[in-house]
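Subject: Structure for your files

Hello,

Here is the structure I said I would send. My notes on a cavity and a metal site follow below the model.

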Amino acid sequence: MELLKRNKELLLFHIILNIAIVFFITGASYYHTPLEGGKDTLIYLVHLVILQTTIAGFVYFLTLQKWLFRIGFSALFLFFCSFSFFAYTQDLSVTSGLIQAVFETTPDIAIDLITWPYMLFLFFALVVLTFFIKWHNKLNNRQGVVIYSLLALSCIALFFITERKRLNTLKSRLPYNVFYGIEDYYSAPKFQLNKTLPIVTKQKDSLTVIFVLGETVRADHLGINGYERATTPFLLKEEIISYPSIFTPNTYTAASLPQLLTDKEIGVDKAMYTSIYTVANAAGFETTWIGNQTLEKSFGPIVETNDTILLVDKYKSEYSFNKALDGVMLPELDRVLGTAKNQFITLHMMGSHWYYENRYPDTFRKYTPVITSKYIPSLTTEEVINSYDNTILYLDYFLKEVIDRAKKNTTPTLVVYISDHGESLGENGQFLHASKAKEQTNPAMLFWMSDSFKTRYTATAISIDTAKNEALTTNIVFEYLQAIFTLK
Ligand SMILES: [Zn+2]
């Protein structure tokens, strides 16, 4: 009788512990799944039960020893909770991209992620954890250890059986996706830059290229691309060539920039890549990077192939509430523009990166009501779109300012604008970026040419204009720039 009673308590402990894990960790992967009717719900319930059963197997072994449970289990529980919070609140999925963001993010960004709801969530997790540690102390957990161990191993085996049947069924869910995200991050081929200057024809004529590298701007929210709102009143007055159908699978900065700024082609991995700045330097261009974003490990080494780097607000990232507006780069452009016969100047914008209200001055708040909180679940889609569209109005102004300066430049001048990726604004309940949603893979891309550029580089001007409506990938950026720099 006594044995049965103890076994009952042990079983109860494991059942309650696993329910807590569902609430704090695994449930987050299902929370946002859109379900219609009872059948859908039942399917996902079965799915969740299978997932949790496999977890229960691992958890059993962690409870076998006092300190293993106190330290090992506790650490893992809180570690996964720190991810599940964002899965619950923002439907964020853990991928190598997110792991990269976590590992390569500067401390100032990390500090900004720590909000009150986040702290509260972790506090509750800690309270629940304390309860289980106390309960665990009173348990005779060596009871039936052989039988239970075999049972636990079968549970763990269920993970591999399920994965073999349908790949990524469980791997893509919390907590497994954290492990696989880390594995993916480390298994990714290391980025090698080819530093030797390629042999190219030196540009004999004068030429200035201003390359505006945008951030988080989807093509379909530009008035110039037919968006219902007049978000680009200035650009509509200019002779702009827009590419509305550009595609990129790289929907976050750390993946997109290395591809945009080198000869890396989408879907093709090479041992070494050549930076566009290396090509420009070889062709006799003065290269200058003016940036309003902090440099990340992912694209920093490419930026460093510029002759000059000017970071305007380098100690504040996109998560800072006091981040400088992109307009602060214009005086820097004024200082640099026209100082050499052949110039390649990049302006790396903060653009329309979340949190949108930090990206434009009050005078551009045309669409209201706007977002008032960083906590997305408490916002309406209308507020999110209004704020986002206001950032596009500011982009329109910024590009006009750049074009005005290009017009005054005495050498043939080309302005190229491309955003690194798009953004989800509530489509299928998704917000922000770093997933494969259609609206994230179609960034805005624009060209402006001075009259002297059109006269001197007629063939290039025509080919840029001719291809504008084609469905192209962002590979075209490097192709165009390389062709322009090495033009005979
Ligand atoms: Zn980005």
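A cavity here is a set of grid points where a 1.4 Å probe fits but cannot get out, and its volume is the space filled by probe spheres set on those points. Please keep in mind that this is a predicted model.

With a cut-off of 30 Å³ or more, the count comes to one cavity. The largest cavity has a volume of about 60 Å³.

What lines it? The residues around the largest cavity are Leu 235, Ile 240, Leu 399, Val 402, Ile 403, Val 415, Tyr 417, Leu 446, Phe 447 and Trp 448. By class, this lining has 10 nonpolar residues, with no polar and no charged ones. Helix α14 (381–408) and strands β7 (413–419) and β10 (445–449) each supply at least two of the lining residues.

The second item is the zinc ion. Its protein donors are Glu 215 (OE), Thr 253 (OG1), Asp 420 (OD) and His 421 (NE2), which lie 1.9 to 2.1 Å from the metal. The four donor atoms make angles of 95 to 134 degrees, and the site is tetrahedral. For comparison, the ideal angle for four tetrahedral donors is 109.5 degrees.

Along the sequence, the donor residues follow the spacing E-x37-T-x166-D-H. Glu 215 lies in the loop between β1 (207–214) and α9 (233–236), and His 421 in the loop between β7 and β8 (424–425), so this pair ties together parts that are 206 residues apart in sequence. Both Glu 215 and His 421 are buried.

Regards

Conventions: Residues are numbered from 1 along each chain as its sequence is written. This is a predicted model: local features need pLDDT of at least 70, side-chain atom pairs count only at pLDDT 80 or more; totals for chains, interfaces and linings use all residues. Side-chain values use heavy atoms; hydrogens and water are left out. On a 1 Å grid over the protein atoms alone, a cavity is a set of points where a 1.4 Å probe fits but cannot get out, and a pocket is an open set with protein on both sides within 12 Å along at least five of seven lines; lining residues have an atom within 4 Å of a point. Helices (H or I, at least four residues) and strands (E, at least two) are DSSP runs, numbered from the N terminus. Ala, Val, Leu, Ile, Met, Phe, Trp, Tyr, Cys and Pro count as nonpolar, Asp, Glu, Lys and Arg as charged, and the others, Gly among them, as polar. Donors are N, O and S atoms within 2.8 Å of the metal (3.2 Å for Na, K and Ca); water is not among the atoms, so sites may look incomplete. Four donors count as tetrahedral if all angles lie between 85 and 135 degrees; four count as square planar and six as octahedral if opposite donors are over 155 degrees apart and all others between 65 and 115; anything else is irregular. Buried means under 20% relative accessible area, exposed over 50%, partly exposed in between (1.4 Å probe, protein chains only).
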